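User: Could you take a close look at one part of this model for me? I'd like to hear about the aromatic residues and what surrounds them.

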Amino acid sequence: MPFKRKRDWDLPESAATDETRYLDRRRVLAGLGIGGAILAAPALFRMGGDETPVAAPPVETDPSSGLYPVARNAAYAVERALTPESEATTYNNFYEFGSHKNIHRAAQALPLRPWEIRIDGMVEKPFTIGFDELLRKMPLEERVYRHRCVEAWAMTVPWSGFALKSLVDLARPLGSAKYLAMETFENREVAPGQNQRWYPWPYLEGLAIDEATHELAFVATGLYGKPMPKQNGAPLRLAVPWKYGFKSVKSLVRFRFTEQRPVSFWEELQGREYGFWANVNPKIPHPRWSQATERLLGTGKRVPTRIYNGYGEFVAGLYSDRKNERLFM
């Protein structure tokens, strides 16, 4: 009789936050007439110098907020409990807004509409598409993934979004395209880090086509049942859970198909420490620290790092013919 193979990332339903909790919260807020943006907003009024009520600045409303939460895909679960939302949304790397972890406030300056995505390079017909139009074309789902930073901290979060393969199919690349290069926004007026000229802006990352079309490669547009927070890479970012986090480029504006392997942001900046493939391997240390263990956000607990971040059974085959490459850093 047919049976379901237990995946390396499977867990009992009790180990992750139940999707219905998101749904219940949304229903309660809707019944009260309160939206997520209102809850996050400052007080509706402040007192002026003459004690006269003054209207607070208007709150930016995300047009995609009604799409979330989306149904969780049970095939993508892990054995760890979810990282608390407050940790995952305030401890962030986003060098466009600074080289420290406390960039979540500065990132709120990023305007999200209009937001256009260019798809070009080796495709049948290059085109530009608005983010909200792209969302309408994509099959949205939620996936719980482990995320492992090269700095040896880790989290487990519920991303919402769509398989990168769906975008590749929409792009219709030519058969000769071997790589997909992805670029973040560039706006020095709102992103102070981009005024630091020693960085090779815009932030660029890339995947081989077989990586980009692998079932685990994901374009994340939401987090914790809501639209993606700005500090986590709104409105859309990459999530490739078997690689170190610097590969998961944020706030994307361009997908370019190419025959030549792109030189990624950190590879160009310091190629000795950061390579193109960047697959997780506990036995290969970073030149300045060990990768044998990782620190879990929210608990501070250190646990053993796993090869390919625990997804090796499903992605190791991508590299069987690339053994001469520098696969793990």
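Analyst: Phe 265 is buried, since its relative accessible area is just 1%, under the 20% cut-off. Keep in mind that this is a predicted model. Searching the whole structure turns up 24 aromatic pairs. In one of them, Trp 198 and Tyr 199 have ring centres 6.0 Å apart and planes at 45°, so that pair counts as tilted. Those two residues sit quite differently in terms of exposure: Trp 198 is exposed, with a relative accessible area of 60%, whereas Tyr 199 is buried at 13%. Tyr 199 also pairs with Phe 265, and this time the rings are stacked, with 5.9 Å centre to centre and 20° between the planes. That contact links distant parts of the chain, 66 residues apart: Tyr 199 is in the loop between β7 (179–184) and β8 (204–208), while Phe 265 belongs to helix α7 (residues 265–269).

Zooming out a little, Trp 198, Tyr 199 and Phe 265 are all members of one aromatic cluster, which also takes in Tyr 95, Trp 201, Tyr 203, Phe 246, Trp 266 and Tyr 274.

Charges over rings are worth a look too. Lys 247 lies over the face of Phe 276, 4.2 Å from the ring centre. Lys 250 does likewise with Phe 94, at 5.6 Å from the ring centre.

As for empty space, the structure has one cavity of 30 Å³ or more, and the largest cavity has a volume of about 70 Å³. Its lining includes the aromatic residues Tyr 145, Trp 159 and Tyr 244. By class, that lining comes to six nonpolar, three polar and three charged residues, and β5 gives the largest share, three residues.

Note on methods
Residues are numbered from 1 along each chain as its sequence is written. This is a predicted model: local features need pLDDT of at least 70, side-chain atom pairs count only at pLDDT 80 or more; totals for chains, interfaces and linings use all residues. Side-chain values use heavy atoms; hydrogens and water are left out. On a 1 Å grid over the protein atoms alone, a cavity is a set of points where a 1.4 Å probe fits but cannot get out, and a pocket is an open set with protein on both sides within 12 Å along at least five of seven lines; lining residues have an atom within 4 Å of a point. Grid points are joined across faces, edges and corners, and a volume is the space filled by probe spheres set on the points. Helices (H or I, at least four residues) and strands (E, at least two) are DSSP runs, numbered from the N terminus. Ala, Val, Leu, Ile, Met, Phe, Trp, Tyr, Cys and Pro count as nonpolar, Asp, Glu, Lys and Arg as charged, and the others, Gly among them, as polar. Rings of Phe, Tyr and Trp (its six-membered ring) pair if their centres lie within 6.5 Å; planes under 30 degrees apart count as stacked, over 60 as edge-to-face and the rest as tilted. Buried means under 20% relative accessible area, exposed over 50%, partly exposed in between (1.4 Å probe, protein chains only). A charge sits over a ring if NZ of Lys or CZ of Arg is within 6 Å of the ring centre and within 35 degrees of the ring normal.
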